[in-house]
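Open the structure and keep the sequence beside it. The walk below goes from one residue outward to the whole chain.

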Amino acid sequence: SGPLGGDAELCALMCLEDLGGIIFFQDPLSAHPHQADIDCLIRLANVHNIITAPNPASAHSLSFVLKCALAGKRKDMIPSF
């Protein structure tokens with residue numbers, strides 16, 4: 001994200017409806033020079049109903065759901081697909 005443009009790529013995938021979920025960790029205890037980019041990414045994820053995982057526990061759960069949904073060909077388990 002930020003200076004390398006990863007957030008812009010994720011936003012483009014959201015607009016194309018080609019993104020099942022986002023695992024995005026950030027340090028909540030420190031300031032980020034690209035906070036506006038992070039806020040935009042989270043806002044777009046909410047608008048497009050994308051599953052987001054901001055911490056390891058939710059990332060583990062998201063990975064499990066994606067694995068089960070894709071293995072069982074159950075796209076209905078992933079609202080963003």
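Leu62 sits in helix α3, which covers residues 56–71. The model is a predicted one. In it, the relative accessible area of Leu62 is 4%, so Leu62 counts as buried, the cut-off being under 20%. What does Leu62 touch, leaving out residues up to four places away in sequence? Its contacts are Gly21, Ile22, Ile23, Ile51 and Ala53. Two strands appear in this model: β1 and β2 cover residues 21–23 and 51–53. Asp27 is another matter of distance: Leu62 and Asp27 are 35 residues apart in sequence, and their C-alpha atoms are 20 Å apart in space.

Now step back to the chain. It holds three helices and two strands. Read from the N terminus, the order is α-β-α-β-α. Its C-alpha atoms fill a box of roughly 40 × 25 × 20 Å along the principal axes. The chain has 81 residues, and 25% of them count as buried. About 5,500 Å² is exposed, with 62% of that supplied by carbon and sulfur atoms. Take the contacts between residues at least 6 apart in sequence: 68% of them join residues at least 24 apart.

Helix α2 comes next. It has 13 residues, 35–47. At 1.5 Å a residue, α2 should span 18 Å, and its end C-alpha atoms are 18 Å apart, which agrees. Which residues of α2 are buried? They are Ile38, Leu41 and Ala45. These residues cover an arc of only 60° around the axis, which means they lie on the same side of α2. The general rule helps here. An α-helix has 3.6 residues a turn, so residues three or four places apart point the same way.

The other side of α2 has exposed residues: Ala36, Arg43, Asn46 and Val47. The buried residues of α2 have cover that includes α1 (6–15), β1 (21–23) and β2 (51–53). After α2 comes Asn49, with a positive phi near 60°. Ile50 is in the loop between α2 and β2. Its relative accessible area is 8%, so Ile50 is buried as well. Ile50 and Leu66 are 16 residues apart in sequence, and 12 Å apart in space from C-alpha to C-alpha.

How do the buried side chains group? In soluble globular proteins, nonpolar side chains tend to be buried together. The largest nonpolar core here has nine residues: Cys11, Met14, Leu19, Ile22, Phe24, Ile38, Leu41, Ala45 and Ile50. At least two residues of this core come from each of α1 and α2. The largest share, three residues, is from α2. A second, separate core has six residues, among them Ala53, Ala59, Leu62 and Ile78. Leu62, the starting point, belongs to this second core.

Last, the cysteines. Cys11 is part of the largest core. Cys11 touches Leu41 and Leu44, not counting residues up to four places away in sequence. Are Cys40 and Cys68 buried or partly exposed? Cys40 has 32% relative accessibility, so it counts as partly exposed. Cys68, at 30%, also counts as partly exposed. A disulfide is a covalent bond between the sulfur atoms of two cysteines. With a cut-off of 2.5 Å between sulfur atoms, the model has zero disulfides.

Technical notes:
Residues are numbered from 1 along each chain as its sequence is written. This is a predicted model: local features need pLDDT of at least 70, side-chain atom pairs count only at pLDDT 80 or more; totals for chains, interfaces and linings use all residues. Side-chain values use heavy atoms; hydrogens and water are left out. Buried means under 20% relative accessible area, exposed over 50%, partly exposed in between (1.4 Å probe, protein chains only). Helices (H or I, at least four residues) and strands (E, at least two) are DSSP runs, numbered from the N terminus. The expected span of a helix is 1.5 Å times one less than its number of residues. The arc is that of the directions from the helix axis to the C-beta atoms. Contact means heavy atoms within 4.5 Å. A nonpolar core is a set of buried Ala, Val, Leu, Ile, Met, Phe, Trp, Tyr and Cys residues joined through side-chain atoms within 4.5 Å. Accessible areas come from the Shrake-Rupley method with a 1.4 Å probe; for residues, only the protein chains shown count as cover.
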